[in-house]
Amino acid sequence: MARRRARCSSAVIVEALASASAGAAGQAVKLAVRPEAWRIVAPGEGELAARVLKAAYLGSTREYTFETPLGAIFVVAADASRTLQPGERASLRLAGHGVAVVHAGEALRRA
């Protein structure tokens, strides 16, 4: 059974079961996900269902806090063409960058 934990900070830490490529099968790992590594897509199009809790426009970017099954996730979106409103549904998926995998027993080192 997978254990999942998420918290909102400069990097979101999600505890999950490791895949064979991340180490021995069934070995616990931590994923460090940078806020800009998340992609916001239409509801049902991403791997993680989300609902907007907070939204802030910062000129060239927008910052969001989403409620998800993993807990609150902070996202920085470079596409500032449209603002999602609190309560609005979306989905999240990971981009091909900004994600680091470490064994659960190791300390997370900043890159």
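This report walks through the fold, core, salt bridges and surface of a predicted protein model.

## Overall fold

Start with the secondary structure. The protein chain has zero helices and eight strands. Read along the sequence, the pattern is β-β-β-β-β-β-β-β.

Now look at how the chain meets itself. Take the contacts with a separation of 6 or more. Residues 24 or more positions apart account for 54% of them. The protein chain has 111 residues, and 30% of these count as buried. Its accessible surface comes to about 6600 Å². Carbon and sulfur atoms hold 54% of that surface.

## The nonpolar core

Which residues touch the most other members of the largest nonpolar core? They are W38, F66 and L92, in a core of 15 residues. Four strands each supply at least two residues of this core: β4 (48-57), β5 (62-68), β6 (71-77) and β7 (89-94).

## Three residues in the strands

S91 sits in strand β7. Is S91 buried or exposed? Its relative accessibility is 2%, so S91 counts as buried, the cut-off being under 20%. The side chain of S91 reaches the backbone oxygen of A42 at 3.4 Å. Set aside the neighbours within four places in sequence. S91 is then in contact with R39, I40, V41, A42, P43, G44, E45, G46, L48, A49 and A50.

A49 belongs to strand β4. A49 and A90 are 41 residues apart in sequence, yet their C-alpha atoms are 6.4 Å apart in space. Beyond its neighbours within four places in sequence, A49 contacts E67, T68, P69, A90 and S91. T65 is found in strand β5. T65 has 15% relative accessibility and therefore counts as buried. With neighbours within four places again left out, T65 is in contact with R51, V52, L53, K54, A72, I73 and F74.

## Salt bridges

Side chains of opposite charge can pair when their charged atoms come close. How many salt bridges does the structure hold? There are three.

One joins R34 and E36, whose side chains meet at 2.7 Å, N to O. R34 counts as partly exposed because its relative accessibility is 41%. E36 is partly exposed too, with a relative accessible area of 31%. Another salt bridge links E47 with R93, and here the closest N and O atoms are 3.6 Å apart. E47 lies in the loop between β3 (38-41) and β4, while R93 lies in strand β7, so the pair ties together parts that are 46 residues apart in sequence. E47 has a relative accessible area of 62% and is therefore exposed. R93 counts as partly exposed, at 30% relative accessibility.

The side chains of E67 and R51 also meet in a salt bridge, at 3.0 Å, N to O. Why does this pair tie together parts that are 16 residues apart in sequence? Because E67 lies in strand β5 and R51 in strand β4. E67 is at 38% relative accessibility, so it counts as partly exposed. R51, with a relative accessible area of 22%, is partly exposed as well.

R51 and E67 also appear in the contact lists above. R51 is one of the residues that T65 contacts. E67 is among those that A49 contacts.

## A nonpolar patch on the surface

Which residues make the nonpolar surface patch of about 210 Å²? They are L94, V99 and V101. V101 is found in strand β8 (residues 99-103). The relative accessibility of V101 is 45%, so V101 counts as partly exposed.

## In brief

The model has eight strands and zero helices. Its largest nonpolar core holds 15 residues, and β4, β5, β6 and β7 each supply at least two of them. Strand β7 appears again through S91, which is buried. The E47 and R93 salt bridge involves strand β7 as well. On the surface, L94, V99 and V101 form a nonpolar patch.

How values were computed
Residues numbered from 1 in each chain as written. Predicted model: local features only at pLDDT ≥ 70, side-chain atom pairs only at ≥ 80, totals over all residues. Heavy atoms only, no water. Patch = residues over 30% accessible without salt bridge, like charges linked within 9 Å, V, L, I, M, F, W, Y side chains within 5 Å. Areas by Shrake-Rupley, 256 points an atom, 1.4 Å probe, with all protein chains shown as cover. Salt bridge = Lys/Arg side-chain N within 4 Å of Asp/Glu carboxyl O. Buried < 20%, exposed > 50% of the residue type's maximum accessible area, 1.4 Å probe, protein only. Core = buried A, V, L, I, M, F, W, Y, C linked by side-chain atoms within 4.5 Å. Contact = heavy atoms within 4.5 Å. Polar contact = N/O pair within 3.5 Å; in protein donor to acceptor, adjacent residues only side chain to side chain.
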